[in-house]
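This account leads the reader through a single structure, beginning at one pair of residues and ending at the ligand.

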Amino acid sequence: MDVLRIQGGSPLNGTIQVSGSKNASLPMFAAALLSEEPTTLTNVPNLSDIRFMAQIIEHLGARVNQKDPTTWEIHAPSISTKAPYDLVRKMRASICLIGPLIGRMHQAEISLPGGCVIGQRPIDLHLKGLRKIGCEMKTESGYIYIDGKQRRGSHIFLGGRHGSTVLGTANLIMVACLTPGTTCIESAACEPEIVDLCRMLVAMGANIEGIGSHTLTINGVEKLHGCHHRVIPDRIEAGTYLIAGAMTGGTLKVQGAEIRQLGALHDKLLEANVKLNIIDDQNIEVFGVQSQLKPIDLITLPYPGFPTDLQAQMCALMTSTPGLSIITERIYPSRFMHVPELQRMGANIALEGASAIIHGEAPLFGAPVMASDLRASAALVLAGLTATKESWVQRIYHLDRGYENMETKLQSVGANIERLKQDGIPESCLN
Ligand code: EPZ
């Protein structure tokens, strides 16, 4: 396993280019199965989750060709309807295969997704929506068997205890596109990744109204054709680097992001007195002046609220921001695996239910830390960039799931960071 060695204290100066969105790309790989014709996706990020999703749809019968690092062609003249446990368990996002299996094949046999370190990952809302349009289902031995032959357009309310469901919305949109009649999805997720999926489906011939709103009306069609679609930039990657720039000093330009998708982060960074310069719709500069930062009170919410996927990174920023900050997690209340590791670096954080109470103090000190999930690992890298002395971030395969070449991008703007093979690391540097 690889380890990142980080020597903190280097300001970040220069430009980081944002890659395509992981969370837009994954449901799009599934959506490509809705048609017998080939689909080409461009600006796909070069990530292990993407390669894994490609393996899963190949297992289902699709022909997948990576034409270059960010371009994939998917052609599925026929597909099987069983997504096996040993594949689904490795990546929860594969649950979005329900959509094309039911939409195109009218049946699915899919392993129930396993647990997850960031918290409960139920699919009750996905199944509620499928039942509302007439799907029948049963659960047996860890698999769910869904029969969609009798499905008909209907009205679905998709709101849950934590708001809507992103991949649940994706699944139900994909099914509804090929379901006879009109399906109305109320309290649908309206994350930019869902908007991008809808745009791809419309390019394939789907009939979807209300795109970008919480109420979608989908008129089922007979068939969908292939398409050529460019994936939107990754707003979470962009936000991660903006927070890194705020933490490390220097002047960092984040290039290629859709700034209007970062409204909640922009608002919170301004509240923290971070200096930002919006150059244009796709480029923003951050000036890291750590000494002037102010504490914040932050709550994660469904889009357009503050994204849960940037919560851990904001915790890292606030650990060395003087004052008392409160960060509350409304989407995954136990998504604080990064906190014990930040505490190893000297952070003064107390967990109180779904809130992290952060007393921002002196800079963190470097330490060997353990990544536990994708966004927690990003938070540990950011902490390492500002900590005194060396930090060693282990299990960075978590990071590789969602950040393309993070250490290379950071090195290019002056960070003292390198990727090493774990077996070459002195025991004293690891925990
Ligand atoms: C997507 O996951 C993202 N993943 C997650 O990003 C992101 O954190 C999440 O949306 C929330 O924005 C991808 O898009 C691949 P949800 P998803 O269904 O769709 C509850 C990352 O770091 N819920 O919107 O699986 C659920 O427990 C990943 O890139 C139900 O109660 O999330 C959670 O509390 C992590 N019943 C909330 O809703 C359901 O049937 C949001 O979950 C489904 C979800």
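In this predicted model, Glu 209 stands opposite Thr 217 of strand E13. Strand E13 comprises residues 215-219 and runs antiparallel to E12, to which three bridges join it.

Both strands belong to an open sheet of four strands, ordered E10-E11-E13-E12, in which the pairing is mixed. The edges are formed by strand E10 (155-157) and strand E12 (207-209); each has a single partner strand, so one side of each is left without a neighbour in the sheet. From one strand to the next, the twist averages 15°.

The ligand is the second point of interest. Domain 1 (2-19 + 233-430) and domain 2 (22-230) both contribute residues to the shell around the ligand, which therefore lies between them. There are 24 residues around the ligand, and Arg 92, Leu 125, Thr 165, Asp 309 and Ile 331 come nearest. By class, the shell has 10 nonpolar, seven polar and seven charged residues.

Polar atoms of the protein approach oxygen atoms of the ligand at several points. An N or O atom in the side chain of Tyr 332 is 3.1 Å from a ligand oxygen, and a polar side-chain atom of Arg 335 lies 3.3 Å from a ligand oxygen. Pro 122 takes part through a polar backbone atom, 3.4 Å from an oxygen atom of the ligand. Taken alone, the ligand exposes 830 Å², of which the protein buries 91%.

The elements that give two or more residues to this shell are helix H1 (22-31), helix H5 (124-132), helix H6 (166-177) and helix H12 (374-386). Helix H5 gives the most, with three residues.

Definitions and conventions:
Residues numbered from 1 in each chain as written. Predicted model: local features only at pLDDT ≥ 70, side-chain atom pairs only at ≥ 80, totals over all residues. Heavy atoms only, no water. Pairing = 2+ DSSP bridges. Axes fitted to C-alpha atoms, helices over the stretch in contact; angles between N-to-C directions. Near = heavy atom within 4 Å. Polar contact = N/O pair within 3.5 Å; in protein donor to acceptor, adjacent residues only side chain to side chain. Areas by Shrake-Rupley, 256 points an atom, 1.4 Å probe, with all protein chains shown as cover. Nonpolar A, V, L, I, M, F, W, Y, C, P; charged D, E, K, R; others polar. Domains from an automatic or database assignment.
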